[in-house]
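Okay, thanks for coming, everyone. I'll put the structure up and then talk you through it for a few minutes.

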Amino acid sequence: MIHEKSEGLSDNTSSPKIAERAEAQVQRFSRLNRVLHISMIISFISLALTGMTLKFSYTGWAFFLSGLFGGFESAGYIHRFAAVIMFIVFITHIIDLVRIKRKEKKSFKEFIFGFDSMLFNRNDWKDFIGSVKWFIGLGKRPEYGRWTYWEKFDYFAVFWGIFIIGSTGLTLWFPEFLTQFVPGWVINVATIIHSDEALLATGFIFTVHFFNTHLRPEKFPMDIVIFSGRVSIEEFKLDRPKEYNEMVEKGELEKYLVEPYPPIVIRTIKIFGWTALTIGFSIIIWIIYAMIFAYR
Amino acid sequence: MYLKGSFSEPKKIFIINFFSIFLFLLFTSSLYPQDNSDCLMCHEDNSLTGTRNGKTISVFVNEKKLSSSVHEGVNCISCHVDLEGTDVHDDDVEKAKCNLCHDDIQAKFDKSLHGKALSGGDKLAPACQNCHGSHDIIPVKNLKSKVAPINIPGLCGQCHKEGSPVQLQRNIPQTHILENYSESIHGEGLLKKGLIVTATCVSCHTAHDILSHTDSKSSIARKNIANTCAKCHAEIELVHRKVIKGALWEKEANILPACVDCHQPHKARKVFYDQGMADQDCLDCHSRKNIKASVDGRSLFVDYAGLKDSRHTNISCSQCHSQVSPSHIRPCDSIVQKVDCTSCHAEVGEEYQLSTHGKLKAKNDLNAPVCSECHGTHDVLGKTNPLSSIFPINIPALCAKCHREGESAAVRYKGTEVDIVKNYTESIHGKGLMKSGLTVTATCTGCHTAHRELPHSDSLSSVNPANIPSTCGNCHHGIQEQFEKSIHSTKITQTDKELPTCEDCHTAHKIIRADSEGFKLKIMDQCGRCHQAIAETYFDTYHGKVSQLGYTKTAKCYDCHGAHDIMPVENPVSHLNRKNIVETCKKCHTNANKQFAGYFTHATHHDPEKYPWLFWTFWGMTGLLIFTFVIAGIHTLLWLPRSLQWRRELKRQKSINTDKNDNQEQL
């Protein structure tokens, strides 16, 4: 599986001068992937908000939010609509992967173990050990490459989540149909799995993922690369030295250089990012409050 | 019979007596007019006259009549004793003496009004013969007798008819006696229908010991009237039981209205009587607007017009203000007791005495409401009159006088109900009554009864838990029928625990529409008061969670279990019975099937024995969560200090790069 980035090459002017310019940026994510990520954020936050009102229905927050969504019925429609978006994002990504494999005419071996693969490999294990050593003061910061192990973990967490939450969600969506094949208590089990897995997903995304990508001090307060798709060469060099070196060795760096977005785009991205962060943290505070003070 | 003579010596007496008898026997027919025939020799002449007190009177004696009278065979001189031994006698003979035989009657007569008047020389006073006649006295049973019942009114009426000297000159309190009597039920019976057993003058007044009604020995004295009337109307108390405590009538006649208060003397009709002691007499004083009680200065004015429009329009003053003494100049000066409504409203009175109101009254509590507090006094109106204080629409305001928050009864009350009046007004009943004007809706008295209000803790109370279903069932009969078959009814379930009644779910005073959102959402707490564990598990499921958010479209307790007709699951009519449960689910889930109904609506993941799947799923998921967060948490926390370090490193590198660039540019 490959998270490819070549889609963005179309807006590359491929002028050799760009490399010399200080403001030149490296394109890391394709436009499709950025759109998919934004769609997923919107979908995920909608699902989390509407779902949590039900899970923590005994809190005043839930009551307030439910009213904001126009009642449990429209909250339900929003939840299912967002779920459909999520499915579409997921399917689009799978189709995209297949399309890339065909386009680049890679073998499965190249596709799976290649430079751009999201699958875990030996290097990830080395990076992980190196990281732990670095954390406890036994080594230098590992030279991270195209994908770090925590990014791959997040990626597969989504895969896992889509399967677990998606399947149980469909069970709850069509209980009358499904109970023709399974006993009624499966609905109860599906409820628990759906709800707790959702708690895991929101909890993980809004804390661990947020920290790993945005809140860790060197990126604080926010890393907008997933929205803009581009990062300054300077930062790129320091953050992903291995990837940079590989590009330079292959002589492909020039291929990925692009102009930075104008400030208005950056500001829009930041507003969106802040909004998502705020909602995410609010949900975390609400969950913690519900679990500690109002749990029953 | 003996001879007059004066002999001194006993021996001679015998001899003379003997001869006297002999001579008497020998000459009697020729010597003395002692036989009746001797008298009749003269007195059978129907033109014979004599004088008495200077007046010429006929002294004719009709022998036929005499011989057919009750005194047939009695000698003239037995009555006309002064004529004994005389032959032809002078005028101005003494009157015949009745008392020689009728001494007991004479004694009574002498004490009577008539007797006293006679001995006092009253010329209008009747003597025996005025009523009974003289020589022609025939048996009372003979209808021709002057004192036969049918003739009595005429006989008495000779003196007591309107305009007669007796009526005009003597102190007779009643007027139009004869007319009134003849129009009365008694008079009509006697005179028109010839019912000779009906009451005549003498039935009430007696024949000979006629006394004033103010005389305590009189048959018509207030305290004796009941007995007098009861001579004929033997079991009249039974007839009046609903309005009067019969026993009191004889024991304490003074505190009750006497027969004549309603059934006026002489005028008695088989109708309700609109005047006892004539209301007009009372109104002589009490129609004056400035009349005041001498004791406390309160107004004693009576608005007679208002009284006549009231329920008591046919009730006279003295029926309530009993104890009046009509003979007094101020008949009311003998009144010492307040009006006692229970004289007539006996059953209501009994209820009242059982009630909290009545018990307080018995303790002379100042707060205790008495009849007049709710019903008014002279202007008492019926409950169907919209102007009445007890007309349904006015009842809440009436009770609120004391039971509104801050008022006397509300201050005294220590129970759990607050803002009773306000809550009632906003309740379905209150709105129905006050806004929709629905007079059949439940008012205060609808549940608490009008006269027997008791606290709910009292087993006799209409709002005692045991009685509430039937109290509510007075109107909501169909619901009562359902409820009494359900497991919540004490008739079905025998338990030490307290079973719910209507008000446990619907509340006592706040009662709102069962289809309103407020009620629907609250009912889960109502059920949860007793079914706590099962209510909690309900809130663990989708239905409960959505309900908790304030939406009523999902299933509540009663949507599945039923509301009033809750049955044990094994009962074939239970909504949750195996046969019915899919139908119950289908009320909302139209495509529900048998397996769908297997969904645990009260599932909890806290019970490993009942719901092992849920329990282990939950702990599996929780384990996964904890594991993930612990690993990720440690990773993050370890990363943090290094990341800070790296931030500084990056800044340093950046500034070096910038310097380089600057240098290059300078170069």
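So, over how many bridges do strand β1 (residues 25–27) of chain A and β3(A) pair, and is the sense parallel or antiparallel? They pair over two bridges, in the antiparallel sense. One residue to click on there is Q25(A), which stands opposite V258(A) in β3(A).

Zooming out, that pair belongs to an open sheet of three strands in chain A, in the order β2-β1-β3, with antiparallel pairing. β2 (230–232) and β3 (257–258) of chain A sit at the edges with a single partner strand each, so one side of each has no neighbour in the sheet.

Before the helices, a word on confidence, as this is a predicted model. Chain A averages a pLDDT of 87, and 92% of its residues score at least 70. Among the elements of chain A, helix α1 (residues 31–55) has the highest mean, 95, and helix α4 (residues 108–113) has the lowest, 77. The stretch to watch is residues 1–19 of chain A, where pLDDT stays under 50. The model does have 48 contacts beyond four places in sequence for residues 1–19 of chain A. Still, where pLDDT is low, the predicted coordinates should not be read in detail.

On to helix packing. For α1(A) and α3(A), the axes come within 8 Å and cross at roughly 150°. That makes α1(A) roughly antiparallel to α3(A), and the crossing is left-handed. Who actually meets whom? On the α1(A) side you have, among others, L32(A), L36(A), M40(A) and L47(A), and on the α3(A) side the list includes A75(A), I78(A), I85(A) and V89(A). By class, the residues of this contact of α1(A) with α3(A) split into 11 nonpolar, nine polar and one charged. The α3(A) list also includes D96(A).

Now the other face-off, helix α3 (residues 71–104) of chain A with helix α6 (residues 149–173) of chain A. Here the axes come within 12 Å and cross at roughly 140°. α3(A) and α6(A) are therefore oblique to each other, and their crossing is left-handed. From α3(A) we get R80(A), A83(A), M86(A), F87(A) and F90(A), which meet I162(A), G166(A), G169(A) and W173(A) in α6(A). That contact of α3(A) with α6(A) comes out as six nonpolar, two polar and one charged residues. If you flip between the two packings, A83(A) and M86(A) appear in the contact with α1(A), and A83(A) and M86(A) also appear in the contact with α6(A).

Next, the interface. How many residues of chain A are in contact with chain B? There are 40, against 43 residues of chain B. Several helices of chain A supply at least two residues each to that side, including α1, α2 (60–68), α3 and α10 (233–239). The largest share, 15 residues, comes from α8(A). By class, the side of chain A that touches chain B has 23 nonpolar, 10 polar and seven charged residues.

Two backbone oddments to finish. The peptide bond from F220(A) to P221(A) is cis, with omega near 0°. P221(A) lies in the loop between α8 and α9 (225–228) of chain A. Over in chain B, T206(B) has phi near 65°, a positive value in a residue other than glycine. You'll find T206(B) in the loop between α12 (201–205) and α13 (222–230) of chain B.

Terms used: Residues are numbered from 1 along each chain as its sequence is written. Chains are lettered from A and ligands numbered from 1 in the order in which they are written. This is a predicted model: local features need pLDDT of at least 70, side-chain atom pairs count only at pLDDT 80 or more; totals for chains, interfaces and linings use all residues. Axes are lines fitted to C-alpha atoms, for helices over the stretch in contact, and angles run from 0 to 180 degrees between N-to-C directions. Helices (H or I, at least four residues) and strands (E, at least two) are DSSP runs, numbered from the N terminus. Angles under 35 degrees count as roughly parallel, over 145 as roughly antiparallel, 65 to 115 as roughly perpendicular and the rest as oblique. A crossing is left-handed if the near helix is turned anticlockwise from the far one by less than a right angle, and right-handed if clockwise. Two residues are in contact if their C-beta atoms, placed from the backbone, lie within 7 Å. Ala, Val, Leu, Ile, Met, Phe, Trp, Tyr, Cys and Pro count as nonpolar, Asp, Glu, Lys and Arg as charged, and the others, Gly among them, as polar. pLDDT is the predictor's confidence in each residue, from 0 to 100. Two strands pair if DSSP finds at least two bridges between them.
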